Amino acid sequence: MSIFSEVPQAPPVAVFKLTADFREDTHAQKVNLGVGAYRTDDCQPWVLPVVKKVERIIVEDTSLNHEYLPILGLPELRSASSKVALGEDSPAIKEGRVGAVQALGGTGALRIGAEFLRRWYNGTNNRSTPVYVSAPTWENHNAVFADAGFADVRPYHYWDGAKKGLDQTGIMDDLEKAPEHSIFVLHACAHNPTGTDPTPDEWKKIAEVMKRRQLFAFFDSAYQGFASGNLDKDAWAIRHFVSQGFELFCAQSFSKNFGLYNERVGNLTVVAQDKDNLSRVLSQMEKIVRTTWSNPPSQGARIVAITLNNPELFTEWKDNVKTMADRVLLMRDQLKAKLVALGTPGTWDHITEQIGMFSFTGLNPKQVDYMIKERHVYLMASGRINMCGLTSKNIDYVAESIHEAVSKVQ
Amino acid sequence: MSLFTEVPQASPVAVFKLTNDFKEDPNPKKVNLGVGAYRTDEGLPWVLPVVKKVEQIIVADPSLNHEYLPILGLPEFRSSASKIALGEDSPAIQENRVGAVQCLGGTGALRIGAEFLRRWYNGNDNTRTPVYVSAPTWENHNAVFASAGFEDVRPYKYWNAEKRGLDLSGFLGDLESAPKRSIFVLHACAHNPTGTDPSHVDWMQVAEVMKRRKLFVFFDSAYQGFASGCLEKDAWAVRYFVTQGFEMFCAQSFSKNFGLYNERVGNLTVVARDADNLKRVLSQMEKIVRVTWSNPPCQGARLVAVTLTDPELFAEWKANVKTMAERVLLMRSSLRSKLEALGTPGTWDHITQQIGMFSFTGLNPKQVEYLISEKSVYLMASGRINMCGLTTKNIDYVAESIHESVVNVQ
């Protein structure tokens with residue numbers, strides 16, 4: 001008898017199952033619009049040219065070794081990342097009240113932040129502080145906070161399915177009604193999965209309520225630069241909150257904007273009221289890191305740090321990012337144009353109004369099922385598609401498939 | 001008023017504080033015998049020649065990209081790493097009942113294993129299963145299991161200070177009196193911090209009790225190859241337990257034996273009764289990984305996988321490992337003979353009888369304090385020294401300093 005006899009089989013993570021099913025599909029015209037990774041117009045992964053360049057620099061640099069990084073990570077990565085999020089001239093940075101923890105991608109940054117908040121925020125070891133995540137949100141948000149010990153993870157209104165846009169009144173209502181000190185996970189830009197972001201005015205209103213009601217702002221920033229092609233534009237919301245005096249966390253991921261998915265490059269930026277508070281917070285985060293991964297991996301952090309801290313490489317990187325963002329924008333334009341040309345029932349403005357990697361098409365589960373089974377076009381049950389999966393070669397097929405799905409299935 | 005006003009300053013991790021103090025010490029004769037990383041005879045970090053070679057191979061390979069690894073990690077890494085621990089011809093591997101999770105160093109492997117056990121071992125969500133760690137043990141063991149939710153982490157007798165050796169009867173006694181199904185963290189070889197391992201006969205006795213009393217075996221293997229210079233020798237205990245039919249975990253680290261400290265290369269090898277149980281266990285481990293770091297970092301795992309799966313590189317790696325192990329052995333015999341030549345009070349056999357990176361010198365806290373403040377020789381308060389910190393250039397000074405401290409301080 002095994003000691004593991006009673007261990008149940010866990011269901012697979014939906015997005016990876018989708019890709020697994022896609023791989024097994026033999027249909028010649030199959031398209032994968034599932035998992036969120038950039039693809040070129042040849043539908044290939046893309047190692048950014050600047051990344052290839054810096055990888056060579058690293059391997060040639062005989063002064064580098066593999067000694068443990070500090071627990072909080074590579075200092076140059078931490079400071080450069082925070083600058084990217086908050087701006088080179090951020091007053092908060094100048095005031096010495098911004099710190100960071102290098103983490104394992106966005107997931108790791110969220111996890112460390114969540115572990116810290118559960119231990120030290122709103123009392124000590126307070127597992128009952130409500131954590132609000134948008135409805136819908138990235139499928140892993142809920143589980144990360146739950147695993148960190150939060151017992152009360154709740155949705156806040158976000159997506160209005162009927163109007164295919166932001167449910168502003170719903171958001172504001174939830175913010176007004178949330179218990180004080182509740183934690184809100186905010187998508188900095190390019191909301192996943194809806195691609196729908198608040199406008200600057202809407203962000204201002206959100207910030208006003210959050211400040212008044214003492215709600216904690218925890219930004220998730222996985223697409224900076226990738227969304228609009230412009231780093232500063234994509235960081236507007238975070239910087240606004242900082243300018244409003246919030247103490248906040250921002251979980252940054254460099255998976256998408258550096259294409260460094262598998263090197264797990266993330267950064268938890270911490271903005272505190274002052275140096276002293278910051279120092280104590282970071283010391284507690286060290287303890288959390290120590291029992292999770294001890295100290296973080298170097299390779300990806302080095303690549304990002306070298307790039308961000310060298311003016312030429314930084315420019316080259318921004319250019320590479322724009323390449324990706326521009327291709328996505330092109331696919332958005334073309335998909336919308338083709339659906340409109342086909343006379344596909346419904347409106348398709350949201351395809352070009354939404355931003356970032358994903359589009360919430362508005363397709364219902366039955367239509368999604370049709371797309372997968374009949375057309376071999378793979379997308380999430382929510383109707384989310386990854387624009388990066390579209391290419392000039394498959395876009396007609398996808399547009400026709402959507403047309404069919406919407407026309408035939410209700 | 002800050003949200004973080006009540007957050008206390010955490011105390012620094014002792015071994016890193018020691019290194020900081022060392023760095024700030026202006027004494028030109030200072031020696032750092034603290035943190036556990038290999039040093040050459042010049043007192044420098046060593047990037048293994050085979051690692052440098054494989055880094056070049058990787059950067060030149062255009063077929064590689066940075067797409068997400070599977071949640072459980074790079075398959076070639078996982079399987080080759082488990083083979084290293086259990087042996088190329090391991091029946092358990094042939095029976096398809098061995099699996100693995102690529103983790104963030106040994107720490108990450110311990111953490112994932114601990115998280116799994118807390119959820120699924122000995123009942124569901126069993127935070128009260130006792131977890132036994134050796135007295136003394138690596139300073140982070142206790143905290144990793146506690147962070148995973150175990151409420152009852154206890155010491156098992158291990159080090160006999162008077163005889164400066166293993167307290168076998170104490171160890172066996174604790175095994176006999178532990179509640180059934182308790183978890184025991186065993187050091188596969190090169191015990192940290194004592195350098196004192198059970199003999200084969202000792203291990204056989206330990207295994208017999210553990211089997212009879214249904215205690216869970218969780219090996220920590222951070223020094224395979226590094227201890228004796230021979231991979232098989234250093235894996236004897238792990239393999240013996242497998243032959244005895246245990247279902248068990250082995251947390252492997254490649255930090256030391258590959259010198260890849262900062263790339264966080266670890267593997268949690270899982271041995272189950274059969275393929276079905278293994279599958280369910282791994283599926284649950286996937287869920288745990290997903291909310292911790294999502295999927296692991298690639299660079300270090302690729303390096304190790306490429307090396308282990310290529311016969312020439314594998315041979316070169318083993319030679320590099322032997323180089324490190326032999327320098328340590330040389331320092332051991334030099335230090336012992338110098339202390340004996342100086343007539344330093346006490347016996348010093350343990351210096352050469354102990355194995356691996358560390359030696360438990362037997363120096364008491366006052367003597368340690370003397371060494372640090374009077375001689376600028378830095379070692380842990382426990383009397384643990386890292387043999388790698390010794391070189392042909394500093395060994396006389398260290399021997400004389402130890403002599404002085406033993407003679408002057410009681």
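In this predicted model, Phe219(A) has Cys250(A) as its bridge partner in strand E9 of chain A. That contact is one piece of a bigger pairing: strand E8 (residues 216–221) of chain A and E9(A) run parallel and are joined by 5 bridges. E9(A) also has strand E10 (residues 265–271) of chain A as a partner, this time antiparallel, with 6 bridges between them. Here Gln252(A) sits opposite Asn267(A) of E10(A).

How many of the residues of strand E9 (residues 248–253) of chain A are buried? The count is 6 of the 6, so the strand is largely enclosed by the rest of the structure. Side chains in a regular strand alternate between the two faces of the sheet. For E9(A), both faces turn out to be covered. One side carries Leu248(A), Cys250(A) and Gln252(A), the other carries Phe249(A), Ala251(A) and Ser253(A), and all of them are buried.

Now for the aromatic rings. Over all chains, the structure holds 55 aromatic pairs. One of them brings Tyr68(A) together with Tyr261(B) in an edge-to-face arrangement, with 5.1 Å centre to centre and 65° between the planes. This pair crosses between chains: Tyr68(A) belongs to the loop between helix H2 (49–60) and helix H3 (75–86) of chain A, while Tyr261(B) belongs to the loop between strand E9 (248–253) and strand E10 (265–271) of chain B. As for exposure, Tyr68(A) is partly exposed, at a relative accessible area of 24%, whereas Tyr261(B) is buried, at 1%.

Tyr132(A) and Phe184(A) make a stacked pair, with 4.4 Å centre to centre and just 5° between the planes. Tyr132(A) comes from strand E3 (residues 131–135) of chain A and Phe184(A) from strand E7 (residues 183–187) of chain A, so the pair ties together parts that lie 52 residues apart in sequence. Tyr132(A) counts as buried because its relative accessibility, 5%, falls under the 20% cut-off. Phe184(A) is buried too, at 1% relative accessibility.

Rings also gather in a group. Phe4(A) joins Phe116(B), Tyr121(B), Phe145(B), Phe150(B), Phe216(B), Phe218(B) and Phe249(B) in one aromatic cluster.

Finally, there are lysines placed over ring faces. Lys30(A) lies over the face of Phe22(A), 4.5 Å from the ring centre. Lys164(A) is set over the face of Trp348(A), at 5.8 Å from the ring centre.

Key:
Residues numbered from 1 in each chain as written. Chains lettered and ligands numbered in written order. Predicted model: local features only at pLDDT ≥ 70, side-chain atom pairs only at ≥ 80, totals over all residues. Heavy atoms only, no water. Phe/Tyr/Trp six-rings, centres within 6.5 Å; stacked < 30°, edge-to-face > 60°. Helix = DSSP H or I, 4+ residues; strand = E, 2+ residues; numbered from the N terminus. Buried < 20%, exposed > 50% of the residue type's maximum accessible area, 1.4 Å probe, protein only. Lys NZ or Arg CZ within 6 Å of the ring centre and 35° of its normal. Pairing = 2+ DSSP bridges.
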